[in-house]
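I opened this notebook to record what I looked up, one topic at a time, with the coordinates to hand.

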Amino acid sequence: MTASFSCFVTGTDTEIGKTLISTAILHALVQAGVKAAAIKSVAAGAHPIQTAEGEVWHNDDADALAQAANVVLPRNLAVPYLFKAAAAPHVAAKLENVAIDIAHIRSSYAQVVEMADAVVVEGVGGFRVPLTDDTDTADLAQQLALPVIMVVGLRLGCLNHALLTADAIAARGLKLVGWVANTVDAGMPFAEDNVAALSARLSAPLLGCVPRLSAPLPAAAAAFLDFSCLPGWPKSA
């Protein structure tokens with residue numbers, strides 16, 4: 001079985017808004033009446049929360065994705081790998097004596113597809129972040145073989161980062177189906193010129209430009225985005 005819409009969300013770096021844009025995609029899917037689920041493939045950086053069942057470790061990004069989706073997933077499927085340390089995945093995994101296995105993430109995705117009409121898979125960090133000594137998130141994206149949405153963090157250096165990321169996506173035989181300009185540095189000079197330069201150089205469509213939001217909520221970000229051109233996106237009634 002294949003979900004009617006699935007995508008892999010990557011970014012030009014860490015802390016550039018992948019989760020915000022992923023939740024905006026989920027919000028739009030839910031608003032369209034679609035059963036939408038989210039997977040945070042690897043989450044590094046967790047904190048404990050006391051529950052009636054005892055102490056449970058949570059990651060803010062994974063929680064945001066779960067809240068934006070309308071399909072409730074078991075934690076082991078929603079977050080195949082959750083690590084306590086806020087570090088690069090391969091480092092956080094070694095600290096807990098865990099080896100990240102891409103096949104396990106693929107298995108989680110296959111199970112989630114059976115439960116939802118749309119699945120958003122969020123990567124970790126940028127497109128080439130190491131997962132083990134010999135694999136990285138590009139390998140994960142390649143094995144999932146999903147259409148890719150790239151989040152470009154608008155700040156100094158974003159042109160080079162975005163174009164290199166797009167080249168790396170293409171080198172893995174993957175399809176970049178859209179990109180989002182997300183304002184990281186609200187004071188960035190010539191931001192519009194940077195967006196125009198990327199629009200002229202990237203073959204994928206610009207899905208929208210998200211300003212620096214006072215409250216980074218899914219609905220607020222979604223208001224600046226248009227996903228209708230994405231392959232498999234649900235048609236409006």
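The entries below go through a helix pair, a covered helix, two buried residues and two backbone angles.

**Entry 1: the model.** I noted at the outset that this is a predicted model.

**Entry 2: helix 1 and helix 2.** I began with the packing of helix 1, residues 18–31, against helix 2, residues 60–68, and found that their axes come within 8 Å and cross at roughly 10 degrees. Because angles under 35 degrees count as roughly parallel, I entered helix 1 as roughly parallel to helix 2. For the handedness, I wrote down that helix 1 passes helix 2 in a right-handed crossing. I then listed the residues that meet: from helix 1 they are Thr-19, Ser-22, Thr-23, Leu-26, His-27 and Val-30, and from helix 2 they are Asp-61, Ala-64, Leu-65 and Ala-68. Sorted by class, this contact has 5 nonpolar, 4 polar and 1 charged residues. I kept in mind that an α-helix has 3.6 residues a turn, so residues three or four places apart point the same way.

**Entry 3: Glu-122.** Which residues does Glu-122 touch, not counting residues up to four places away in sequence? I placed Glu-122 in strand 7, and the list of residues it touches holds Val-9, Lys-18, Thr-19, Ser-22, Ile-39, Lys-40, Ser-41, Asp-61 and Leu-65. Among them, Thr-19 and Ser-22 of helix 1 and Asp-61 and Leu-65 of helix 2 had already come up where those two helices meet. Glu-122 has a relative accessible area of 1%, so I recorded this residue as buried. I also looked for a polar partner, and the side chain of Glu-122 makes a polar contact with the side chain of Lys-40 at 2.8 Å.

**Entry 4: helix 6.** How many of the 8 residues of helix 6 are buried? I found 6, which leaves this helix, residues 137–144, mostly covered. The buried residues are Thr-137, Ala-138, Asp-139, Leu-140, Ala-141 and Leu-144, and what covers them includes strand 1 (5–11), helix 5 (102–113) and strand 7 (118–122). At the start of helix 6, I noted a side-chain oxygen of Asp-136 that reaches to within 3.0 Å of the backbone nitrogen of Ala-138.

**Entry 5: Val-129.** I next turned to the loop between strand 7 and helix 6, where Val-129 is found. With a relative accessible area of 17%, Val-129 falls under the 20% cut-off and is therefore buried. Setting aside neighbours within four places in sequence, I listed Pro-89, Val-124, Asp-136 and Thr-137 as its contacts. Of these, I singled out Pro-89, which is 40 residues from Val-129 in sequence while their C-alpha atoms are 7.7 Å apart in space.

**Entry 6: positive phi.** I closed with the backbone angles, bearing in mind that most residues other than glycine have a negative phi. Ala-145, which follows helix 6, has a positive phi near 55 degrees, and I placed this residue in the loop between helix 6 and strand 8 (148–154). Is Ala-145 buried or exposed? I recorded a relative accessible area of 54%, so Ala-145 is exposed. My other case was Phe-190, with a positive phi near 60 degrees, in the loop between strand 9 (176–183) and helix 8 (191–201). Phe-190 counts as exposed too, at 63% relative accessibility.

Notes: Residues are numbered from 1 along each chain as its sequence is written. This is a predicted model: local features need pLDDT of at least 70, side-chain atom pairs count only at pLDDT 80 or more; totals for chains, interfaces and linings use all residues. Side-chain values use heavy atoms; hydrogens and water are left out. Axes are lines fitted to C-alpha atoms, for helices over the stretch in contact, and angles run from 0 to 180 degrees between N-to-C directions. Helices (H or I, at least four residues) and strands (E, at least two) are DSSP runs, numbered from the N terminus. Angles under 35 degrees count as roughly parallel, over 145 as roughly antiparallel, 65 to 115 as roughly perpendicular and the rest as oblique. A crossing is left-handed if the near helix is turned anticlockwise from the far one by less than a right angle, and right-handed if clockwise. Contact means heavy atoms within 4.5 Å. Ala, Val, Leu, Ile, Met, Phe, Trp, Tyr, Cys and Pro count as nonpolar, Asp, Glu, Lys and Arg as charged, and the others, Gly among them, as polar. Buried means under 20% relative accessible area, exposed over 50%, partly exposed in between (1.4 Å probe, protein chains only). A polar contact is a pair of N or O atoms within 3.5 Å; within protein, one must be able to donate a hydrogen and the other to accept it, and residues adjacent in sequence count only if both atoms are side-chain atoms.
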